[in-house]
Amino acid sequence: MNFHFFVGNDNGNSEHDLIIDGKTIQQPNVNCAVDELPWSEEQTPESFIKNLQDQLVVTVDSPAARPGMYYVGTFALESGEVLDNLQIGIDMKCDMDLPIVNTLAQIAAVAVQKAYEEVKKVPDQIDVEVDMATALPVTQHTDETSAKFERRFMTGTHRVTVHLGVHRVAVKIEFPFAKVVPEATPVIFALQKDADGNWREGDIFQEFADAYELDKKFNGAYFKDKRMLHVDIGEGSTEYPVTEGNKFLRQFVHGSHHGTGYAIEEALDEFNRLIHLPDSPRQFFSDVIKNPKHKYYARAIKTLKRPLESQVRQIVQNVKRQLTKTRNEIDLICVYGGGSILMRSLLYPRLEELCAEREMQLLYVPSEYAVQMNAMGLDAFVRGKIYEALKSKAALPA
């Protein structure tokens, strides 16, 4: 079977958000190398299909990463094995195996699900051709690092075996073209247009439209010529790029090593002490604070409060620095990213005051969209005319 996928791939420090062939995947961005399959009893391969992302075991043979068998995402996190994750503020994403392995695994898993959907049986082999847009943090994105990351995907053929119990599906993946952009900048595409290419509208803008008493028929066309300061808050970094319409203004590149991950790492020892564990990974803490029903939620939030306030203070300082650099010539500040959800109660009032004082607007993206903004933007970008033009240019003989 042969497929062609468009992939918008946001390889976050904590979460891996992808849109593959229109399907949204959200998984912890972790894996672990293992020596053997976890299943001994005979299960039908079909029983794995529906929840494949949550029980993903693959063997990867790729020129871009160390070959081996891996548990990926949720399955790795819950396995109790030693995890590989992105060390915030330390690891260069373009050099790491983790984003390569996890991206290949998720693409292969969707290929298996799609094949099963189409022919109602588990295939033995699938070939996938991928057009992909992905990103590096603004602080890591240069011509050299982006070209290096692109080459790791585009050079050679990647072979992934997806294990459905003891049944194996061989998936061959090739990337004729992949584009690496600075994180946060593709979000402008997601704010303007929806997945069908129409002007975006709906509850994503409700609070913003109400706050500034804008037209009831408000949609994404509003942003097409705006000068925007983005505040994309992740676990390991916050990016503060400036865009004008669809254009990224390179003279205002700025990112800082602040985010919820630093607050979590600061809180982790105290949290582990309170729950009587000698150790637990950062991703476990992240999962606890996403779930108010978790038995450790109150203790996690309690240990997080002071470190979080410190991160918010630093982010506000960096926003002010960018505003000074742009001489306050900004129409609106747009805040999103996984970290923005946790920081909202502390950060929103400070930025609201700043915007009122400097005569600009604040769009604080609602929590149900905040995490996916980069993936949605990358998906819109990979399907758009700019990507097509870059791909055509790359195909021309030098």
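In this predicted model, strand 1 and strand 7 (residues 125–136) run parallel and are joined by eight bridges. A convenient landmark for anyone following along in the coordinates is Val7, whose bridge partner in strand 7 is Met132.

Strand 1 also pairs with strand 2 (residues 15–20), this time in an antiparallel arrangement held by five bridges. Here Asn11 can serve as the guide, with His16 as its bridge partner in strand 2. The link between strand 1 and strand 2 is a hairpin of three residues. Strand 1 is thus bridged both to strand 7, in parallel, and to strand 2, antiparallel. As for burial, strand 1 spans residues 2–11, and seven of its 10 residues have under 20% relative accessible area; strand 1 is therefore largely enclosed by the rest of the structure.

Turning to the helices, a packed pair is described by the angle between the two axes and the distance between them. For helix 7 (residues 260–274) and helix 9 (residues 297–325), the axes come within 8 Å and cross at roughly 145°. The crossing of helix 7 past helix 9 is right-handed. On the helix 7 side, the contact is made by Thr260, Tyr262, Ala263, Ile264, Glu266, Ala267, Glu270, Phe271 and Leu274. Helix 9 contributes Arg299, Ala300, Thr303, Leu304, Arg306, Pro307, Leu308 and Gln311. Sorted by class, the contact between these two helices comprises 10 nonpolar, three polar and four charged residues. The charged residues include Glu266 and Glu270 from helix 7 and Arg299 and Arg306 from helix 9.

Notes
Residues numbered from 1 in each chain as written. Predicted model: local features only at pLDDT ≥ 70, side-chain atom pairs only at ≥ 80, totals over all residues. Heavy atoms only, no water. Axes fitted to C-alpha atoms, helices over the stretch in contact; angles between N-to-C directions. Helix = DSSP H or I, 4+ residues; strand = E, 2+ residues; numbered from the N terminus. Left-handed = near helix turned anticlockwise from the far one by under 90°. Contact = heavy atoms within 4.5 Å. Buried < 20%, exposed > 50% of the residue type's maximum accessible area, 1.4 Å probe, protein only. Pairing = 2+ DSSP bridges.
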